[in-house]
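Work through the exercises below with the sequence and the structure in view. Each task is followed by a solution in steps.

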Amino acid sequence: MDDPDCDPRRLAATYRRFDLVNRAVSGWGGVYRAHVRPRLRALGRPGRVLDLGCGGGDVVVRLAGLAARDGLEVEWVGADPDPRALRSARERERPGVRFVSRGSSELLADGERFDIVLSNHVLHHLDAAQLRGFVDDSRALARSAVLHADIARGRLAYALYAIGVTPLAPGTFLRTDGLRSIRRSYRAEELARTLGEPWRVETPAPFRVLAVADGTAEAHG
């Protein structure tokens with residue numbers, strides 16, 4: 001999927017099917033209940049949430065749906081600099097959810113600020129310098145909290161994914177890229193060591209890691 005010359009039809013199919021994969025393995029329902037919902041409720045006003053590197057947009061749309069059912073008023077923004085991802089994401093746009101073609105540094109330069117900044121499956125794509133810039137930018141964009149979720153590397157995760165994704169894989173990059181992603185991902189202790197203070201790393205669900213930190217943006221005035 002990172003190859004700019006990859007088959008666009010298979011890429012689009014991959015983004016569409018990520019919704020099913022993420023619902024099955026990403027653990028965002030639990031992260032929403034433990035981290036996102038309490039922080040949004042504590043604001044006492046409408047919130048703003050950013051999904052950095054949103055890909056096809058399924059995670060931010062799912063979270064928006066959960067928040068709407070809880071009666072929370074939130075503006076949801078998915079950001080991804082890859083125009084191919086944005087084409088797929090914008091098919092999911094709805095009232096209260098929009099997608100922009102921006103990276104974290106561009107959003108900072110634009111003066112954008114959010115209450116919560118999150119990402120899903122982004123960290124393992126970044127080299128050391130990119131990772132440091134990404135996590136620093138995400139804290140500077142967030143007033144309340146930053147939540148970066150990813151796969152936890154492991155042999156069992158690799159084997160179970162290889163089997164479980166098989167029915168969804170035809171016509172997509174789900175199998176090839178998913179297995180590659182697991183090989184490139186962090187174990188919890190590795191991610192904690194790599195990020196350092198003030199980040200803390202949780203394991204919110206089997207085969208998952210979640211890096212959490214407070215935002216450093218000025219509070220809403």
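**Exercise 1: Backbone angles in two loops**

H121 has a relative accessibility of 18%, so H121 counts as buried (buried is under 20% relative accessible area, exposed over 50%, partly exposed in between, with a 1.4 Å probe and protein chains only). The model is predicted: local features need pLDDT of at least 70, side-chain atom pairs count only at pLDDT 80 or more, and totals for chains, interfaces and linings use all residues. Residues are numbered from 1 along each chain as its sequence is written, and side-chain values use heavy atoms, with hydrogens and water left out.

Task: state where H121 and F207 lie and what phi each takes.

Step 1. Find H121 in the loop between β4 (114–120) and α6. Helices (H or I, at least four residues) and strands (E, at least two) are DSSP runs, numbered from the N terminus.
Step 2. Read its phi: near 60°, a positive value in a residue other than glycine.
Step 3. Turn to F207, in the loop between β6 and β7 (208–214). F207 is not a glycine either, yet its phi is positive, about 65°.
Step 4. Check the exposure of F207: its relative accessibility is 36%, so F207 counts as partly exposed.
Step 5. Look at its surroundings: F207 makes a nonpolar surface patch of about 280 Å² with L156 and L160. Patches of this kind take residues with over 30% relative accessible area and no salt bridge, with nonpolar side chains (Val, Leu, Ile, Met, Phe, Trp, Tyr) joined within 5 Å. L156 belongs to helix α7 (residues 155–164).

**Exercise 2: The length of a helix**

Task: compare the expected span of α3 with the distance between its end C-alpha atoms.

Step 1. Take the rule: 1.5 Å times one less than the number of residues.
Step 2. Apply it: the twelve residues of helix α3 (residues 58–69) should span 16 Å, and the end C-alpha atoms are 17 Å apart, which agrees.
Step 3. List buried residues of α3; among them are V59, V60, V61 and L63.
Step 4. Go just past α3, where G71 has a positive phi of about 75°.

**Exercise 3: A buried arginine**

Task: which side chain of opposite charge is nearest to R139?

Step 1. Locate R139 in helix α6 (residues 128–141).
Step 2. Find the side chain: D136 is the nearest of opposite charge, 6.0 Å away. Lys and Arg count as positive and Asp and Glu as negative; His and the chain ends are not counted.
Step 3. Conclude that R139 is buried yet has no salt bridge (a side-chain nitrogen of Lys or Arg within 4 Å of a carboxyl oxygen of Asp or Glu).
Step 4. Note what R139 touches, including P198, W199 and D214; contact means heavy atoms within 4.5 Å.
Step 5. Inspect P198: the peptide bond from E197 to P198 is cis, with omega near 5°.

**Exercise 4: Salt bridges of E190**

Task: which residues form salt bridges with E190?

Step 1. Start with R153, whose closest N and O atoms with E190 are 2.8 Å apart.
Step 2. Place the pair: R153 lies in the loop between β5 (142–151) and α7 and E190 in helix α9, so they tie together parts 37 residues apart in sequence.
Step 3. Add R187, which forms a salt bridge with E190 at 3.8 Å between the closest N and O atoms.
Step 4. Set these beside the whole structure, where a search finds 14 salt bridges.

Methods: Patches are made of residues with over 30% relative accessible area and no salt bridge: like charges are joined within 9 Å, nonpolar side chains (Val, Leu, Ile, Met, Phe, Trp, Tyr) within 5 Å. Accessible areas come from the Shrake-Rupley method with a 1.4 Å probe; for residues, only the protein chains shown count as cover. Lists of a residue's contacts leave out its neighbours within four places in sequence.
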